[in-house]
Amino acid sequence: MDLVDSHCHIAGPEFVNDLDDVIALAIAAGLTRALVILAADDQPELDQANTVASRWSGVRFSIGVHPHAAGKFSTEPAAAARAVSAAIDVQPLTRGLGEIGLDYHYDFSPRDVQQAVFRSQIGLARERRLPIVIHTREADDDTFRILAEEKASDGPVILHCFTGDRGVARRALDAGYYLSLAGIVTFPRALELQEVARLVPLNRLLVETDSPYLAPPPHRGKRNEPAHVSRVAEVIAELKGVSHDEVAFATAENFVRIFAP
Ligand SMILES: [Zn+2]
Ligand SMILES: [Zn+2]
């Protein structure tokens, strides 16, 4: 077994008190690696990243300014990219840029600011030759358009916690992007997403938890943690009619190819 959680936030405050237990459970569940997302505008999280790395050698980082925080950079969107760049400079285990993107569901930041902050960070990712981890919610058209305009697919692009329908999935695959599926695929009523899981080729698939968010049943409503990525892989394996090991192996292989950990 070689299982990877391709997106989690275990450097956040939710994991400070029992980090060792969370990591031990992840390793016991077969996880060999995890990509931990850091917010460039969150200094305590950037500091905690060093603690996380000292406890688990399988950890790598991806750093970005989330669309929710884009408003902090409304007067100068390019400052978001500078903040990310500075955080990358002091974190040698950085292997990705993100999560970045657009969130029109919550609209915590004005949309034009979200777009400008998103663009500035795609530019930085190309400059640094880092894969891009995308967060997009109810903003598919603008996300695809901006990614194309900024020539994001010069390098790997990952749509994290993918929740689009089959049409959006095909559009993403045609653009060369990877789809990362989270625990939502295990929810009984996520029928469309289960169809997406069937259609995405194994060599374009990643699995994630987005911990502490999105705990799969029977843990729904509680804090999520990386160990539960095993359940995500298991459900995808059932949907695809392949073995759990095959999903684990393929997604781990993709992770290594994309992030060169
Ligand atoms: Zn996200
Ligand atoms: Zn996330």
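Begin by selecting the zinc ion (ligand 1) in this predicted model, where E99 through OE, H135 through ND1 and H160 through NE2 coordinate the metal at 2.0 to 2.1 Å. If you then follow the donor residues of this zinc ion along the sequence, you will find them spaced as E-x35-H-x24-H.

Keep E99 selected and add the zinc ion (ligand 2), since E99 bridges the zinc ion (ligand 1) and the zinc ion (ligand 2), which lie 3.5 Å apart. Colouring by secondary structure helps here: E99 belongs to strand β4 (residues 94-103), whereas H160 sits in the loop between β6 (157-159) and α6 (166-174), so this pair ties together parts that are 61 residues apart in sequence. Are these two residues buried or exposed? E99 has a relative accessibility of 4% and therefore counts as buried, and H160, with a relative accessible area of 5%, is buried as well.

Next, turn to the aromatic rings, of which the structure holds three pairs. Select Y106 and F108 to see one of them, a stacked pair whose centres are 5.2 Å apart, with 20° between the planes. Showing the surface around this pair is useful, because Y106 counts as partly exposed at 43% relative accessibility, while F108 is exposed, with a relative accessible area of 55%.

Another pair is formed by F255 and F259, and this one is tilted, with 4.9 Å from centre to centre and 35° between the planes. Both residues lie in helix α9 (residues 244-259), where they are four residues apart, or about one turn of the helix. Hide the surface before looking at them, as both F255 and F259 are buried.

Now select R111 together with Y104, and look at how the charged end of R111 sits over the ring of Y104, at 4.1 Å from the centre of that ring.

Finish with the cysteines. How many disulfides does a search of the whole structure find? The search finds zero, and selecting C8 and C161 together illustrates this, since C8 is in no disulfide and its nearest cysteine sulfur, that of C161, is 13 Å away. C8 itself is buried, with a relative accessible area of 0%. Seen from the other side, the closest cysteine sulfur to that of C161 is the one in C8, and the 13 Å between them is too far for a bond. C161 is likewise buried, its relative accessible area being 14%.

Note on methods. Residues numbered from 1 in each chain as written. Chains lettered and ligands numbered in written order. Predicted model: local features only at pLDDT ≥ 70, side-chain atom pairs only at ≥ 80, totals over all residues. Heavy atoms only, no water. Donors = N, O, S within 2.8 Å, 3.2 Å for Na, K, Ca; no water. Helix = DSSP H or I, 4+ residues; strand = E, 2+ residues; numbered from the N terminus. Buried < 20%, exposed > 50% of the residue type's maximum accessible area, 1.4 Å probe, protein only. Phe/Tyr/Trp six-rings, centres within 6.5 Å; stacked < 30°, edge-to-face > 60°. Lys NZ or Arg CZ within 6 Å of the ring centre and 35° of its normal. Disulfide = S-S within 2.5 Å.
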